[in-house]
Each structure stands twice: as C-alpha cells, then as structure tokens.
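Visitor: Could you take me closely through one part of this model, the nonpolar interior, and then say what lies around it? I would like a single connected account.

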Amino acid sequence: MMNKAKYLILLLLVSLFACNEKPKKPVEIPKKEMKQSMETANRYLLNEEEEEIENYVQRHGLEMVRTGTGLRYQIIRQGDGKQIANGDVVSLDYELQSLKGEMIYSSDKEGVKTFKVGEGGVESGLNEAMAYLHYGDVAKLIIPFHLAYGLHGDDNRIPEYATLVYTIKVIENQ
C-alpha cells in the first residue's frame with residue numbers, strides 16, 4: 001500500500017515538472033477579420049440555398065414571385081375571400097415538405113395551423129406570405145432557412161438549415 005502511494009506521488013511530481021511549460025495564450029482573431037469571415041460564410045450558405053431553390057423551381061415548372069427577403073410564393077388557385085391583414089387569425093390546411101420532396105408535416109396528421117398574422121408563433125416566412133394572400137387562396141411557398149427554423153431546425157422533424165416548401169390553403173375563419 002505504501003509503495004503504491006509513493007509511486008503515485010512520484011508520478012504526480014514527474015508529470016508536474018514535465019508539463020512545466022507555460023500555457024499558450026489563445027489566438028485572438030481581430031473582430032474585423034471575424035466579421036468578414038462570418039459574412040463570407042453566410043454569403044456562401046445563402047448562395048448555395050438560392051441555387052437549390054432555383055433548381056427546385058425549374059424542375060417543378062413553377063412561376064414564383066420572389067420577395068426582397070427571399071420568400072417565394074405562387075398562387076395556385078385564387079380564393080374569393082378578402083385580403084389577409086395584420087392581426088387577422090388565419091387557419092391553414094397545409095403540407096410541409098423539404099426541397100427533396102420529403103413530407104415533414106401536414107394538416108392531415110397535425111391538424112390545421114392557426115395563428116394571428118403579425119404576432120409570431122410561426123416561421124417568419126409563413127407570416128410574411130400572408131400579406132400576399134386572400135382567404136380561400138391555395139398557394140405554394142418556398143421559405144429559405146433564415147425565414148424558417150434557421151441554423152437549428154425545430155428539434156423534431158425539421159433539420160438545421162432546412163428550406164421549407166409549403167402547399168397551403170387559407171381557410172376562412174367563421
């Protein structure tokens with residue numbers, strides 16, 4: 001027992017002296033360089049996503065309107081209801097897919113999606129799309145990841161950096 005204790009003390013002393021090197025100071029990246037690197041990375045991600053969306057639109061023969069934020073929408077069938085306004089409560093029948101066509105969520109399984117326009121609680125791209133729609137419209141939306149669930153997804157079925165494809169019907173609330 002005593003020999004083991006002496007051995008452990010000796011081992012500790014040797015390791016202390018062997019590691020007597022001063023710790024290196026962390027490399028500091030100037031804020032300007034860090035900001036430029038982040039901007040470059042973000043531009044790259046946005047360009048890649050833009051190309052994937054354009055390929056999707058072409059493959060499916062869609063004629064979508066692109067907003068300034070990058071949201072794309074196409075009204076498939078015009079409804080006969082009033083224009084949706086900020087503060088309206090809307091309900092949507094919907095299918096939500098990835099750009100690869102994988103079904104993520106749908107109102108058939110999850111129930112209709114109901115929210116108050118302009119108050120959050122849904123993807124900002126979905127909220128933005130309501131400004132272009134009327135009650136009764138059927139539309140296809142492509143929501144880039146920065147207007148959807150961003151870098152982390154929804155911690156369930158939507159992965160990180162996911163571009164979302166919605167097919168929706170805006171239901172008139174009674």
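Guide: A nonpolar core is here a set of buried Ala, Val, Leu, Ile, Met, Phe, Trp, Tyr and Cys residues joined through side-chain atoms within 4.5 Å. In this predicted model, the largest such core holds 28 residues, of which Leu126, Met130, Ile143, Leu164, Tyr166 and Ile168 touch the most other members. At least two residues of this core come from each of strand E3 (89-98), E4, helix H4 (124-129), strand E6 (138-143) and strand E7 (164-171). Apart from it lies another core, of eight residues, including Tyr56, Met64, Ile142 and Val165.

Within the largest core, Tyr166 deserves a closer look: leaving aside residues up to four places away in sequence, Tyr166 touches Tyr94, Glu95, Leu96, Lys113, Glu123, Leu126, Ala139, Lys140, Leu141 and Ile143. Glu95 and Leu96 are also touched by Met103, as is Gln97, with residues up to four places away in sequence again not counted. Met103 lies in strand E4, and because its relative accessibility is 43%, Met103 counts as partly exposed.

Turning to open space, the largest pocket has a volume of about 390 Å³. Its lining is made of 17 residues, with Glu52, Leu99, Lys100, Tyr161 and Thr163 nearest its centre. Helix H2 (31-59) and strand E4 (103-106) are the elements that give two or more residues to this lining, and H2 gives the most, with five. By class, the lining of this pocket has eight nonpolar, two polar and seven charged residues.

Definitions and conventions:
Residues numbered from 1 in each chain as written. Predicted model: local features only at pLDDT ≥ 70, side-chain atom pairs only at ≥ 80, totals over all residues. Heavy atoms only, no water. 1 Å grid on protein atoms, 1.4 Å probe; cavity = no way out; pocket = protein on both sides within 12 Å on 5 of 7 lines; lining within 4 Å. Points joined across faces, edges and corners; volume = space filled by probe spheres on them. Helix = DSSP H or I, 4+ residues; strand = E, 2+ residues; numbered from the N terminus. Nonpolar A, V, L, I, M, F, W, Y, C, P; charged D, E, K, R; others polar. Buried < 20%, exposed > 50% of the residue type's maximum accessible area, 1.4 Å probe, protein only. Contact = heavy atoms within 4.5 Å.
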